[in-house]
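Trainee: Could we go through this structure together? I want to learn how each label is earned.

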Amino acid sequence: MTLQTLIVERHDAVTLVRLNRPEALNALNGQLMDELTAVLDETEADPTVRCVVITGSDRAFAAGADIKEMASKSYAEVFTEDFITRNWERVTRCRKPVVAAVAGYALGGGCELAMMCDFIIAADNAKFGQPEINLGVIPGAGGTQRLTRFAGKSKAMDMILTARMMDAGEAERCGLVSRVVPLAELISTAMEAAAKIAALSPNSVMIAKELVNAAYETPLSQGVKTERRLFHSLFAFDDQKEGMAAFVEKRPAKFTGK
């Protein structure tokens, strides 16, 4: 498909997706989310792609959902068209790792999109927030749920009820982002992390991702039991033999996904 709101670049086994609505600070509208869904469908179907990085511009990852597009909608419209669910949730269903590289504003839907990714690397100019309360609504793409899980109840209540933004340092301290780097190093750092992931066994990576995500919804005893069984299952793959042989032989492993 012809993309109008995204720029997609292929770097070996990593796909870099840039949100590209600069006139609207990358506000997330239906077209952008449809295009992002299509791109993620393609990357999931391509066995040569092993990791995805989603980023925006230096000024804004995404400044929120497109308010102009939403403002006139009625309850009947948003309910009937399954607004948000229909084309926003694809990121959460990706089996391959998705890294968010966030610079500038990540507000409202932009913050929620970043939280849907597997982890966030932030530039030192990043600003995170859920300001929907100022519009007479609430976060609708998981903000009340994911921010609470990442940052805790008190921080989430503060952010969501007062609409204040947190900077990159605060976001790292509360566990929302994995690390903070200088703006000039954001993309190279995110791509380096993605390349590291892409070089590993895709079976191990997908299973590890699945288990970490399951930890939020599984009792500890059941989670550990499931982890053990899936750990056992990896001994059925050639990559386990290759990885351990390479370690013993003190050489780089060559994983094939088999």
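**Labels and their cut-offs**

Mentor: This is a predicted model: local features need pLDDT of at least 70, side-chain atom pairs count only at pLDDT 80 or more, and totals for chains, interfaces and linings use all residues. Residues are numbered from 1 along each chain as its sequence is written, and side-chain values use heavy atoms, with hydrogens and water left out.

Trainee: Why is T55 called buried?
Mentor: Buried means under 20% relative accessible area, exposed over 50%, partly exposed in between (1.4 Å probe, protein chains only). T55 has 2% relative accessibility, so T55 counts as buried.

Trainee: What does T55 touch?
Mentor: Contact means heavy atoms within 4.5 Å. Leaving out residues up to four places away in sequence, T55 touches L16, V17, R18, L19, F61, A101 and I187.

Trainee: How many disulfides does a search of the whole structure find?
Mentor: Zero. A disulfide is a pair of cysteine sulfur atoms within 2.5 Å. For C111, the nearest cysteine sulfur is that of C174, 9.5 Å away, and C111 is in no disulfide.

Trainee: Why is the sulfur of C117 too far for a bond?
Mentor: The closest cysteine sulfur, in C94, is 8.5 Å from that of C117, so a bond is ruled out.

Trainee: What makes C117 buried?
Mentor: Its relative accessible area is 6%, so C117 is buried. C111 counts as buried too, because its relative accessibility is 2%.

Trainee: Which residues of α1 are buried?
Mentor: G30, L32, M33, E35, L36, T37, A38, V39, L40 and T43. Their cover includes β1 (6–11), β3 (51–55) and α5 (109–116).

Note on methods. Helix = DSSP H or I, 4+ residues; strand = E, 2+ residues; numbered from the N terminus.
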